[in-house]
Amino acid sequence: MSLPNGYDLTGGATDITKSPNYPGGTGSGADATPIGKYSRPTSVFRNQSGPLFVLTYAETELLLAEAATRGYSVTGSAATHYKNAVSAGLQSLAKFGTATTISAATADAYATAHPLVTSTALKQINEQYWATTSILQNFIEAWSNWRRSGYLN
């Protein structure tokens, strides 16, 4: 079960506790899930004095990977730029604090285990761009890249 868009806990018409599948609400369906089990940003990402990312190294590397895939003259291969981007995207979470830190070794191992595949390169690159910009809370850039590229996760 997923939490429908627009539901809240304010007591009005969109209060999730009035949903037929909400436990203890007006209904209690078999697939009822407590509100605490829904995915939502942690306090790490709600920190109003947290970092703001404009254009990251990971995004730059993904754009270079796309350029190389499209045949533009860039230094380095698409696969190398993609691997650098995946690793850097994971490591950039450290800017939110120690609770979100992923070591360079772990990030590099993940990037190595998930290489760029030539037949699906543009899809992979742009889905990674979406994931990278979204996890860093740059939703406008994620949307803008989807509009530009046509790819969305």
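# Briefing on a six-helix predicted model

Just after helix 6, Gly-150 takes up a positive phi of about 85°. The structure described here is a predicted model, and the protein in it has six helices and zero strands, so that its pattern, read along the sequence, is α-α-α-α-α-α. Of the 153 residues of the protein, 30% count as buried, and the accessible surface comes to about 9,400 Å², with 57% of that surface belonging to carbon and sulfur atoms. Among contacts between residues at least 6 apart in sequence, 46% join residues that are at least 24 apart.

**The end of the chain: helix 5, the loop and helix 6**

- In helix 6, which covers residues 139–149, the residues Ala-142, Asn-145 and Ser-149 are buried.
- Seen down the axis of helix 6, these buried residues fall within an arc of 65°, and they therefore line one face of the helix.
- The face of helix 6 that is turned away from the buried side carries the exposed residues Ile-140 and Arg-147, while helix 5 is included in what covers the buried residues of helix 6.
- In the loop between helix 5 and helix 6 sits Gln-137, which has a positive phi of about 65° although it is not a glycine.
- Gln-137 counts as partly exposed, because its relative accessible area is 32% and partly exposed residues lie between the 20% limit for buried and the 50% limit for exposed.

**The nonpolar core**

- The largest nonpolar core is made of eleven residues, namely Leu-62, Ala-65, Ala-78, Tyr-82, Ala-85, Val-86, Ala-111, Leu-116, Ala-121, Ile-125 and Tyr-129.
- Helix 2, helix 3 and helix 5 (121–135) are the elements that give two or more residues to this core, and the largest share, four residues, comes from helix 3.
- In soluble globular proteins, nonpolar side chains tend to be buried together.
- One of the core residues is Ala-111, which touches Lys-83, Val-86 and Ser-87 when residues up to four places away in sequence are not counted.

**Ser-87 and its surroundings**

- Ser-87 has its place in helix 3, which runs over residues 78–91.
- With a relative accessibility of 4%, Ser-87 counts as buried, because that value is under the 20% cut-off.
- When its neighbours within four places in sequence are left aside, Ser-87 is in contact with Ala-104, Ala-107, Asp-108 and Ala-111.

**Salt bridges**

- The count of salt bridges in the model comes to three.
- Glu-66 forms a salt bridge with Arg-70, in which the closest N and O atoms are 2.9 Å apart, and Glu-66 also forms a salt bridge with Arg-148, where the closest N and O atoms are 2.7 Å apart.
- Because Arg-148 lies in helix 6 and Glu-66 in helix 2, this pair ties together parts of the protein that are 82 residues apart in sequence.
- The partners of these bridges have these levels of accessibility: Glu-66 is buried, with a relative accessible area of 4%, whereas Arg-70 is partly exposed at 45% and Arg-148 is partly exposed at 46%.
- The side chains of Glu-127 and Lys-123 meet in a salt bridge with an N to O distance of 2.7 Å, and both residues lie in helix 5, four residues apart, which is about one turn of the helix.
- Lys-123 is partly exposed, with a relative accessible area of 39%.
- Through salt bridges that share partners, Glu-66, Arg-70 and Arg-148 are joined into one network.

**A nonpolar patch on the surface**

- Val-54, Leu-55 and Leu-63 form a nonpolar patch on the surface, and together they have about 290 Å² of accessible area.
- Of this patch, Leu-63 lies in helix 2, which covers residues 57–69.
- Leu-63 counts as partly exposed, because its relative accessibility is 34% and this value falls between the limits of 20% and 50%.

Definitions and conventions: Residues numbered from 1 in each chain as written. Predicted model: local features only at pLDDT ≥ 70, side-chain atom pairs only at ≥ 80, totals over all residues. Heavy atoms only, no water. Patch = residues over 30% accessible without salt bridge, like charges linked within 9 Å, V, L, I, M, F, W, Y side chains within 5 Å. Areas by Shrake-Rupley, 256 points an atom, 1.4 Å probe, with all protein chains shown as cover. Salt bridge = Lys/Arg side-chain N within 4 Å of Asp/Glu carboxyl O. Buried < 20%, exposed > 50% of the residue type's maximum accessible area, 1.4 Å probe, protein only. Contact = heavy atoms within 4.5 Å. Core = buried A, V, L, I, M, F, W, Y, C linked by side-chain atoms within 4.5 Å. Arc of directions from axis to C-beta.
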